[in-house]
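Take a look at the fold below and turn it around a few times. Then let's walk through its helices and the parts packed between them.

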Amino acid sequence: MQRHFTIQKILIPYDFSETAALSLEHAVFMAKLMKADIKLLHIIETVSFTSAISHAFSGFEKKIESSATDQLQELADRIHTESGVNVTIGAEVGRIYRKIADSGRQWHANMIVMGTHGAGGPQQHVAGTNTLRTIAESKCPVISVQTHAKKLGFTKILLPIDDSEHSREKVPYALEMADAYKAHVHILGLMPGGNEEKKMKFRIKVEQVDDWLSKHEIMCDTDYVESNDPAKATLDYAEKMDVDLIVIMTEQNFSLTGTSLGKYANQIINHSRIPVMSVQPAEIDPDKMTVSL
């Protein structure tokens, strides 16, 4: 069975923060492992005034952009010297999440790795807005990293499977990550409510995932949990099994005001202390377990 997901280009949004530095460490480790290239991208957020006033700040923004470019180039040279990874840089002015998503598409990135502060403090449910919007708009998977995730490399991957239409589309992505990192995959069946027949059909779907990973020589095991709060159940299980990466689908919601993540994805990304790899739904047949990017 053919697998189409490979990581050759990794985009790192870089704002010189602690979480950005940590996400860069993860990305360099990944790039060395997969012989991939890296692009460091710094975004100067567009001034949110009228266009006339914004124009007055254009010279100031250019100075910031020039300074950021110099710092990025110094960082890129050091990474290449220390790791041998090829690194390109970019500095742009605009809306952060939109510029990241656009740059990912234009550069044909296979993966975006970015730091996030997650939920906390006075903004318990809206923190990490740029990360959430980047994930919603990106065409490639995004790994979000919080400051707690200081261990590099993934040895245990959590693969939650629910009864939604797109849930199993992330399986080939988890397989490729597990194959590259020689990681063990913990499949977690988020058991749906309903009658026994429905639950039995769901178990068959989860067993197919286990069988498919095993056929590709991925170490894996399967467990089930039934909960009214699948996000909390997932995070509790991730902590219990001491996993290094959670792989989820974004399950996006589309409206006239734009794209937003589904409730489950939003909660996982905002509250996980473990890196989260978010994969967009695609129009494929999950029974065939293949993904074309």
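Helices here are DSSP runs of H or I with at least four residues, strands are E runs of at least two, and both are numbered from the N terminus. Counted that way, this predicted model has nine helices and 12 strands. Of the protein's 293 residues, 49% are buried. If you take the contacts between residues at least 6 apart in sequence, 79% of them join residues at least 24 apart.

Here are four of the helices we'll visit:

| Helix | Residues |
|---|---|
| Helix 1 | 18-34 |
| Helix 7 | 196-215 |
| Helix 8 | 230-241 |
| Helix 9 | 263-271 |

**Helix 1 and the cores**

Let's start with helix 1. At 1.5 Å a residue, its 17 residues should span 24 Å, and the end C-alpha atoms are indeed 24 Å apart, so the two values agree. Plenty of this helix is tucked away: its buried residues include T19, L22, H26, M30 and M34. Just after the helix comes K35, with a positive phi near 55°.

In soluble globular proteins, nonpolar side chains tend to be buried together. In this model, the largest nonpolar core has 53 residues, and M30, L40, M177 and L213 touch the most other members. Helix 1 gives the most to this core, with eight residues. What does M30 touch, leaving out residues up to four places away in sequence? The list is I7, I10, M111, V113, I143, F154, M177 and Y181. Apart from this core lies another one, of 30 residues, with I100, A231, L235 and Y264 among them.

**Helix 8 meets helix 9**

Two packed helices are described by the angle between their axes and the distance between the axes. For helix 8 and helix 9, the angle is about 35° and the axes are 9 Å apart. The crossing is right-handed. On the helix 8 side, P230, A231, T234 and L235 make the contact, and they meet Y264, Q267, I268 and H271 of helix 9. Sorted by class, this contact has five nonpolar residues, three polar ones and no charged ones.

**A lysine in helix 7**

Finally, find K199 in helix 7. Is K199 buried or exposed? Its relative accessibility is 14%, and buried means under 20%, so K199 counts as buried. Setting aside residues up to four places away in sequence, K199 touches M191, P192, G194 and E226.

Technical notes. Residues are numbered from 1 along each chain as its sequence is written. This is a predicted model: local features need pLDDT of at least 70, side-chain atom pairs count only at pLDDT 80 or more; totals for chains, interfaces and linings use all residues. Side-chain values use heavy atoms; hydrogens and water are left out. Axes are lines fitted to C-alpha atoms, for helices over the stretch in contact, and angles run from 0 to 180 degrees between N-to-C directions. A crossing is left-handed if the near helix is turned anticlockwise from the far one by less than a right angle, and right-handed if clockwise. Contact means heavy atoms within 4.5 Å. Ala, Val, Leu, Ile, Met, Phe, Trp, Tyr, Cys and Pro count as nonpolar, Asp, Glu, Lys and Arg as charged, and the others, Gly among them, as polar. A nonpolar core is a set of buried Ala, Val, Leu, Ile, Met, Phe, Trp, Tyr and Cys residues joined through side-chain atoms within 4.5 Å. Buried means under 20% relative accessible area, exposed over 50%, partly exposed in between (1.4 Å probe, protein chains only). The expected span of a helix is 1.5 Å times one less than its number of residues.
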